[in-house]
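Let's walk through some charged pairs and the nonpolar packing together. Have the sequence and the model open as you read.

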Amino acid sequence: MKRKLVIVMVGLPARGKSTMARKLGRTLELDGIKVRIFNNGELRRKLDTDEDASSSEFFSPANARGKDLRERISRQNIEEAQAFLRDGGQVAIMDASNVTRERRRSIAAAFPDQALCYVECLNADEEALEANLERKAGLKEFQRLSPEKALESFLKRIAYYESIYEPLDSEANRILVDSFDSCILQEQIADVLPYYDRIRDIITTRVVRNLFLVRHGETHYNREDRIGGDSDLTDKGLEQANALAEHFATVRIPIIFTSNYKRTLQTATPIAERQDPCSIIALPEFNEIHGGVCDGMTYEEIRQKMPHVARARGPNKYRYIYPEGEGYKTMEDRVHRGLKKVFFLNNYDENIMIVGHRAVNRMILSSFLSRQEEEIPYIYMPQDRYYHIQIDPHKRLFELVPYKSSPSTGGRW
Ligand code: F6P
């Protein structure tokens, strides 16, 4: 068996290749394997060239100068990967679109003594793809352009890649991955590859570097013990949002995911303002449990005016569905879908923050814990603390952290 491995990422832009490459790289590294990622896009951004890569024309197959530069970048990364493997490296990950057979052949030819495995990333989820395109169009590379022009340019870039895309077929060792669902769609492995079982595990296992699960600050409805609605934060709630902003000021958070409700956006806004830069992405999947006919009522009013609801919900809170509304059980699918979006949209090695609601946060937390369903609607979800979650093959951490009393964490994460 060959002892060194070259993983070649394949896929159109915005299909989650780099996130998958980082997840593979970081986890193999934690296993003690000497691994390095060679990313063509990053090298292009580092090189000081005259080419304007925010213009889609740079990626046109008809643009000889652009093509030449991209080939040079690919060669440089291949040479660096060769040197890395020569000097004791064990796994090199070639992170680029690698959409043509010619490109893939040139990589294979450069590593005749190493095992090669192609990982092709697909994402068939239109909504997640669209959100990812919007996020990418906001990147530094496009800062000279308006958001609409940036998106247009990025879509054109993808169309150029699509026009030359040759899917994997003759390559001996290949895995087709749905990067949104973190699952393997097809695999064809002809050789005995080093670390292969581990690679399969990593692709399909969720790894969480740092997830900060925050409940929104106090609202007028909270104060009156009312459920649902779309109430604003109280002064105390705004103070809590500011305290969170202060607490996280030195912790890098590039994206904050919220629901569509004002209370989560009002909590996230001061936090985002203390970050540079930070975008807020509102996901309807994280909207609070819908109370149906009870929406806007206090728990006491429900007991008085709709005793049948209170009686039925009490003993069976997880499975109970509010008339014309939702229950914990019926939220499962949408909350899990929201989480998949979060992991797809967030760069693998960046911290993640979700500002959600009491019931939604319980569902999010429970998706990482093995809890009996009856316990989930009673998970403690206070407004003066947040959950800090870390999960990798070597560690599982769930801690409830108070944010008011403690000063800025000074780069703890
Ligand atoms: O009271 C705040 C709230 O987020 C309501 O909007 C929601 O109905 C409720 O919490 C969920 O908690 P429980 O399931 O314990 O009633």
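Q: In this predicted model, how far apart, N to O, are the side chains of Asp-68 and Arg-72 in their salt bridge?
A: Both residues sit in helix H3 (residues 64-86), and because they are four residues apart there, about one helical turn separates them. Asp-68 is partly exposed at 42% relative accessible area, and Arg-72 is partly exposed at 47%. Their side chains meet in a salt bridge with an N to O distance of 3.9 Å.

Q: How many residues apart in sequence are the parts that Asp-181 and Lys-340 tie together?
A: Asp-181 and Lys-340 form a salt bridge whose closest N and O atoms are 2.5 Å apart. Asp-181 belongs to the loop between strand S5 (174-178) and strand S6 (183-188), while Lys-340 belongs to helix H13, so the pair joins parts of the chain whose separation in sequence is 159 residues.

Q: Is Lys-340 partly exposed or buried?
A: Buried would require under 20% relative accessible area, and exposed over 50%. Lys-340 has 28% relative accessibility, so it counts as partly exposed.

Q: Which residue forms a salt bridge with Glu-301?
A: Glu-301 lies in helix H11 (residues 299-305), and its partner is 75 residues away, in the loop between helix H8 (220-224) and helix H9 (235-247). Glu-301 is partly exposed, with a relative accessible area of 24%. The closest N and O atoms of the pair are 3.2 Å apart, and the partner is Arg-226.

Q: How many salt bridges does the structure hold?
A: Some of the charged residues are linked in a network: Asp-125, Glu-127, Glu-285, Arg-337 and Lys-341. For the structure, the number of salt bridges is 29.

Q: Which element gives the most residues to the largest nonpolar core?
A: This core has 43 residues, and those touching the most other members include Phe-257, Phe-286 and Met-331. Among the elements that give two or more residues are helix H5 (126-137), strand S8 (255-258) and helix H14 (358-366). The most, eight residues, come from H13.

Q: Between which domains does this largest core lie, and why?
A: Nonpolar side chains tend to be buried together in soluble globular proteins. Here both domains give residues to the core, so it lies between domain 1 (5-204) and domain 2 (208-402).

Q: Which residues is Phe-257 in contact with, leaving aside its neighbours within four places in sequence?
A: Phe-257 is one of the core residues that touch the most other members. Its contacts beyond those neighbours are Ile-281, Leu-283, Phe-286, Val-342, Leu-345, Asn-346, Ile-352, Met-353, Ile-354 and Val-355.

Methods: Residues are numbered from 1 along each chain as its sequence is written. This is a predicted model: local features need pLDDT of at least 70, side-chain atom pairs count only at pLDDT 80 or more; totals for chains, interfaces and linings use all residues. Side-chain values use heavy atoms; hydrogens and water are left out. A nonpolar core is a set of buried Ala, Val, Leu, Ile, Met, Phe, Trp, Tyr and Cys residues joined through side-chain atoms within 4.5 Å. Buried means under 20% relative accessible area, exposed over 50%, partly exposed in between (1.4 Å probe, protein chains only). Domain bounds come from an automatic or database domain assignment. Contact means heavy atoms within 4.5 Å. A salt bridge is a side-chain nitrogen of Lys or Arg within 4 Å of a carboxyl oxygen of Asp or Glu.
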